[in-house]
Amino acid sequence: MRSTAEARRVTVLNAAVSAFARTGFHATPVTAVAAAAGISEAYVFRLFSGKLGLFVAAAEACFERIAAAIEEGADRASGTSPEEVLDAMGGAYAELIADRDLLLFQVQAQAVTDIPEVAEAVRAGYRRVATVVRERAAGAGDAQVQRFFAYGQLCHLIVTAGLEQVSEPWARALTAGIRHP
């Protein structure tokens with residue numbers, strides 16, 4: 001069983017992802033995260049080393065959720081070819097980013113990579129995810145892995161900008177063949 005501090009840490013990280021997703025790193029006070037988690041600001045500071053430590057921990061948790069989701073997607077693949085496994089992992093990622101907070105948090109984290117600690121957390125997160133993709137889609141070449149990530153970023157754009165609701169030719173070109181739950 002988890003200790004109270006460990007359970008609270010998870011609760012705070014979930015609240016942090018949601019709060020930072022909405023207003024970003026700079027505009028989100030720790031008090032907003034604490035209120036969303038139902039604990040005091042002082043307790044948040046006991047669990048994390050300040051606002052930056054909280055944001056970095058939230059980024060790490062976000063990427064861990066992504067890695068776990070694509071692992072599960074790989075497990076559900078209909079076959080073992082790199083294409084089948086990548087497709088299944090992409091489907092699992094599309095399901096995951098139906099959680100708009102998780103998607104927007106990633107966008108917010110990328111927006112503040114001028115902060116060295118955030119940049120390192122984002123790089124470490126992508127390193128973890130890329131490693132899972134490479135290991136689980138055995139035999140996938142660099143171009144296939146790159147395409148997997150490029151489509152993921154395109155999915156971010158489609159979902160955040162609501163492009164699936166735009167019927168103009170340019171939007172149809174960007175959304176053609178892309179599926180989201």
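## Surface and charge

The protein exposes about 9,400 Å² (Shrake-Rupley method, 1.4 Å probe), and carbon and sulfur atoms supply 55% of that area. Please keep in mind that this is a predicted model, in which local features need pLDDT of at least 70 and side-chain atom pairs count only at pLDDT 80 or more, while totals for chains, interfaces and linings use all residues. Residues are numbered from 1 along each chain as its sequence is written, and side-chain values use heavy atoms, with hydrogens and water left out.

The 17 positive charges (Lys and Arg, placed at NZ and CZ) and the 20 negative ones (Asp and Glu, placed at CG and CD) have mean positions 4 Å apart; His and the chain ends are not counted.

## Overall fold

You will find 9 helices (DSSP runs of H or I, at least four residues) and 0 strands (E, at least two) here. The radius of gyration, taken over C-alpha atoms, is 18 Å, which agrees with the value near 16 Å for a compact globule of 181 residues (2.2 Å times the number of residues to the power 0.38).

## Inside the protein

Of the 181 residues, 43% count as buried (under 20% relative accessible area, 1.4 Å probe, protein chains only). The largest nonpolar core (buried Ala, Val, Leu, Ile, Met, Phe, Trp, Tyr and Cys joined through side-chain atoms within 4.5 Å) has 57 residues. Val12, Leu54, Met89 and Phe105 touch the most other members. Helix H4 (50-75) is among the elements giving two or more residues to this core, and its 13 residues are the largest share.

Beyond its neighbours within four places in sequence, Met89 is in contact (heavy atoms within 4.5 Å) with residues including Ile70, Val133 and Phe148.

Methods:
Buried < 20%, exposed > 50% of the residue type's maximum accessible area, 1.4 Å probe, protein only.
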